[in-house]
Amino acid sequence: MSPLLFFFLVLPLLLESKAKAIEAGDNCSLITHQITGKIGGVINYSSRLGKEQKVAMEMAVEDYFRSSCSTQLTLQLEDSGGDSSRVASATTELISSKRVQSIIGAMTAQETGLFSEVDMNMKNIPIISLTSPAITPPSMPHQLPYFLQMSNHITLHMQCIVDIVGHFKWRKVTALYEHKNGFSAYSGIITLLSDKLKVVNSEISYHSDLPSLSSISNPEITIEQELIKLRSKSNRVFIVLVSSLELAILLFEKANQMRMMEKDYVWIVTDEIASLLDSVDSSVVNNMQGVIGFKTNFARTRDTFKRFKSRFRNKYGSKYPEEEEYSNPSTFALRAYDATWAIARAMEKSQGKITSKELSGNILSSNFEGLSGTVRFENNVLWQSPSFQIINVVGNSYRVMAVWSPKFGFSQSEENGATANGSLKNLGPVYWPGGMPSKNPRGWAISDADIPLKIGVPAMGAFKQFVRVTFDQTQNATCVTGFTINVFEAVVKRLPYNLPYVLVPFYGTYDEMVEQVYRNVRPGLDAAVGDTEIMADRFQYVEFSQPYVDSGLVMVVTQKAETSHATWMLKTFTKKLWLLMIAMHVFIGLLVWLIERGNNTEFDGIGTMLWFSVTIIFYAHRQPLTSNLSRLVLTPWLFVILIVVASFTASLSSAMTVSRLEPSMLDIETLQRTNAPVGCNGNSFIVRYLINVLLFKPENIKKINSIHDYPEAFETGYVKAAFFVEPHARVFLGKYCKGYTKAGPTLKLGGFGFVFPKGSPLAFDISEATLKVIESGELRQLEELLSSSNCTSRTTAIDTSSLGLEPFAGLFILSGTIAAFGSLVAIFRLGRNVHILSYIQTELTRRRIWRWASLQLSRKSSTKETSSTQAC
């Protein structure tokens with residue numbers, strides 16, 4: 001056989017065996033550059049999260065070896081046991097004894113910063129933290145320049161929570177977080193979340209600092225006691241901000257046992273728990289029915305992830321056979337895998353020995369597509385544009401309701417924000433705790449199950465028509481009635497739930513009652529119902545519902561007979577109408593005189609014209625009219641005079657025969673200028689309003705505590721005026737029909753509203769129910785009963801305003817138009833008779849016709865004279 005032929009036959013076999021050797025790792029002689037490095041890891045072997053991270057990091061080293069034949073890349077792992085002190089000792093061990101060049105672990109920035117104060121070597125080695133979410137203290141860049149976080153920033157997680165809370169309009173939430181490793185590393189989250197919740201008009205009503213399981217001897221009792229405390233409060237929206245999976249499993253197990261996973265409860269979990277739901281058994285899922293949460297979204301359909309998932313399940317199942325059935329990798333396993341690759345690639349970039357600064361710089365410059373997404377760092381934090389799946393735990397698993405992203409908000413798809421509408425509407429029903437999908441929970445309940453709300457009512461109000469407190473001796477009980485109570489009962493009926501309450505009479509001022517609601521300490525008030533005015537200074541301490549009655553401050557004074565004046569007759573018409581009447585009358589008389597003057601001897605002289613103008617008012621003129629134009633002009637004017645005179649007579653008769661009354665005090669300035677005493681309800685805000693806003697002297701303000709005391713105060717001169725809120729004024733004027741009236745302007749106020757503590761979710765529900773009562777017309781019916789009067793003879797206000805031009809505008813326009821036409825005709829006639837000959841002569845002269853005509857006439861005259869002479 002030819003040697004050349006033998007060579008070509010053997011060559012493929014040699015190449016195939018060579019490839020197999022390289023793939024198996026048995027021969028890497030073809031690789032000219034191999035990295036040498038040690039990667040350290042500090043994780044919790046006993047937690048589900050730590051187990052996943054351990055398997056993923058080992059797989060990353062193996063995969064990197066297959067791709068680069070780097071047998072010198074080793075992984076040194078230490079068990080933290082979930083204890084902070086062990087994290088510190090393990091990290092020190094890896095740095096000092098095992099000489100690792102970089103560390104991957106579940107330590108926070110706060111923990112690492114504290115450890116670095118003891119062991120300075122921690123500041124000089126790249127550390128990638130796998131904790132989620134990423135929290136960056138302000139001092140971290142200077143204190144820990146080589147500390148990186150393989151997770152998204154905390155602000156993105158908080159914004160997602162806020163959007164969920166804002167969508168469902170929950171006004172208060174309760175935040176729970178695990179006090180991990182004995183450090184309050186996550187306590188800053190509460191402040192951050194609280195600030196962001198203000199944007200959606202919500203707040204944190206209570207936050208619970210749960211101890212880690214490793215730090216307590218009897219976790220079940222501890223969790224149960226904390227849940228009892230939470231159940232005793234009114235808020236029902238619970239957000240588990242930070243928690244290990246093990247603590248969350250125990251938390252929901254106990255919550256389910258204590259019936260806190262039923263109707264009206266809301267539970268929200270973050271990415272730290274939601275991303276591990278694929279890794280728990282059915283018993284855990286059964287305890288979390290109705291929970292909503294969000295988990296990091298990544299590409300699960302890529303081939304690289306599918307291959308990784310298959311290998312991960314095999315390896316995880318072999319290491320932990322008791323968890324083989326639930327061995328799916330979470331996003332935290334993917335990030336541990338990508339973090340190991342990031343360090344290995346950074347080591348590969350250097351030739352020979354590498355410093356910590358160079359290694360950290362190479363890691364920060366990473367930019368590759370990993371299993372968890374793009375691996376790239378910015379400001380020492382993983383730089384990604386993440387999206388979260390909004391999930392709802394139902395049945396044996398969960399359903400994805402929507403996808404949330406910082407750019408598009410809620411949408412049905414993460415691809416370019418498809419169908420993004422910023423809301424969860426129309427994205428399917430939510431299965432809340434308690435079973436079938438129902439109306440969104442209101443987020444709160446009456447605390448202590450059956451304890452009714454203590455609602456204060458003013459017992460010392462001056463107007464008992466609004467709130468009346470009496471004692472029924474037959475039933476040995478206090479009865480509270482009145483318009484305001486009727487309105488409140490109608491509003492409560494409109495609430496979508498039962499609201500147990502008890503009305504508690506409050507014997508004090510309205511401001512003191514509001515203060516009791518503000519303090520809300522025993523024996524305080526949970527709310528207040530009454531004719532309480534909504535004021536800006538009260539809003540600083542409490543919240544008000546939608547006003548159920550509009551209001552304003554009005555002044556009520558006694559009435560007196562109107563003072564007579566010499567010119568009272570002239571007030572029948574307005575000044576404008578008087579002037580127009582005089583002008584038109586003179587004009588019509590002058591026009592008739594001009595028309596009749598040439599042909600009618602009765603109209604000679606100016607005196608005749610003036611007398612005609614006077615007599616025509618009374619239809620007593622004796623001068624006959626010879627011109628039809630004069631009759632045309634005068635006829636509509638006579639009709640105008642007839643109507644105006646009749647109106648004048650009627651208005652004057654009314655003013656002379658009916659008693660005319662006017663306020664005894666016209667305005668507030670008159671009261672202040674004369675130092676007149678004024679009265680008001682001594683228990684209301686009006687006292688300080690008169691002093692602080694209207695600037696009345698305190699000694700001039702008289703406190704009157706009953707509606708029945710006002711008439712006597714007016715009669716004796718104790719007060720010259722009384723100030724009421726507008727609803728009270730209507731009641732007073734309805735009861736005391738004669739002798740009192742409103743005076744001056746109405747000063748607008750906020751209206752009557754119900755009082756609630758600051759941030760109370762009940763205020764929103766009551767406001768919505770109040771609007772329903774108003775829109776239904778039920779409130780109008782109650783107001784009609786309130787305003788009903790028993791007065792049989794009440795002085796009717798007489799309209800003494802002067803008559804203006806408006807009622808007679810049509811007549812004046814008709815008469816004026818005809819008069820204008822008549823004046824044009826009269827002017828034309830006058831000009832024709834007086835100036836026509838001189839006008840014609842001027843025009844003919846201007847056109848040289850007059851000179852030609854004169855010349856022709858003179859010639860004809862001369863010819864005739866000559867002929868006569870010859871004839872003779």
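The legends below describe close-up views of one predicted model.

**View 1. The open sheet of 8 strands and its two edges.** In this predicted model, the strands of the open sheet follow the order β7-β6-β8-β9-β10-β14-β15-β16, and their pairing is mixed. The edges of the sheet are formed by β7, residues 203-211, and by β16, residues 409-411, each of which pairs on one side only. On average, and with direction ignored, neighbouring strands of this sheet are turned by 30° against each other.

**View 2. Strand β6 and its two partners in the sheet.** Strand β6 covers residues 172-179 and runs parallel to β7, to which 8 bridges join it. Two facing pairs can be picked out between these strands: V173 of β6 stands opposite I204 in β7, and A175 stands opposite H207 in β7. Strand β6 also pairs in the parallel sense with strand β8, residues 237-242, here over 4 bridges, and in this pairing L176 stands opposite V240 in β8. Is β6 enclosed by the rest of the structure or open to the outside? Of the 8 residues of β6, 6 are buried, so the strand is largely enclosed by the rest of the structure.

**View 3. S397 in strand β15 and its distance to D281.** S397 belongs to strand β15, which covers residues 397-405, and β15 stands between β14 and β16 in the order of the sheet. With a relative accessible area of 35%, S397 is partly exposed, because this value falls between the 20% limit for buried and the 50% limit for exposed. Although S397 and D281 are 116 residues apart in sequence, their C-alpha atoms are 9.5 Å apart in space.

**View 4. The packing of helix α2 against helix α13.** Two packed helices are described by the angle between their axes and the distance between the axes. Helix α2, residues 48-68, packs against helix α13, residues 331-348, at an angle of about 35°, and their axes are 8 Å apart. The crossing of α2 and α13 is right-handed. On the side of α2, the residues in contact include L49, E52, A56, A60 and Y64, while those of α13 include F332, Y337, W341 and E348. Sorted by class, the contact of α2 with α13 has 13 nonpolar, 3 polar and 4 charged residues.

**View 5. A salt bridge inside helix α2.** Of the 23 salt bridges that the structure holds, this view takes the one between E52 and R48, whose closest N and O atoms are 2.8 Å apart. E52 and R48 both lie in helix α2, where they are 4 residues apart, or about one turn of the helix. Are these two charged side chains buried or exposed? E52 is buried, with a relative accessible area of 0%, and R48 is buried as well, with a relative accessible area of 5%. E52 is also one of the residues of α2 that meet α13.

**View 6. A salt bridge inside helix α16.** The side chains of E515 and R519 meet in a salt bridge, with 2.9 Å from N to O. Because E515 and R519 are 4 residues apart in helix α16, residues 510-519, about one helical turn separates them. E515 is partly exposed, with a relative accessible area of 34%, and R519 also counts as partly exposed, at 47% relative accessibility.

**View 7. A salt bridge between distant parts of the chain, with R538 beside it in sequence.** R688 and D537 meet through their side chains in a salt bridge of 2.4 Å, N to O. This pair links distant parts of the chain, since R688 lies in helix α21, residues 686-692, and D537 lies in the loop between β21 and β22, 151 residues apart. R688 is partly exposed, with a relative accessible area of 23%, and D537 is partly exposed too, with a relative accessible area of 30%. R538 lies in the loop between β21, residues 527-528, and β22, residues 542-544, and at 3% relative accessibility R538 counts as buried. Leaving aside its neighbours within four places in sequence, R538 is in contact with Y510, D511, V514, T532, E533, F544, F685 and R688.

**View 8. A network of salt bridges.** Which residues are linked in a network of salt bridges? The network links K54, E58, E62, K315 and K319.

Terms used. Residues numbered from 1 in each chain as written. Predicted model: local features only at pLDDT ≥ 70, side-chain atom pairs only at ≥ 80, totals over all residues. Heavy atoms only, no water. Pairing = 2+ DSSP bridges. Axes fitted to C-alpha atoms, helices over the stretch in contact; angles between N-to-C directions. Buried < 20%, exposed > 50% of the residue type's maximum accessible area, 1.4 Å probe, protein only. Left-handed = near helix turned anticlockwise from the far one by under 90°. Contact = heavy atoms within 4.5 Å. Nonpolar A, V, L, I, M, F, W, Y, C, P; charged D, E, K, R; others polar. Salt bridge = Lys/Arg side-chain N within 4 Å of Asp/Glu carboxyl O.
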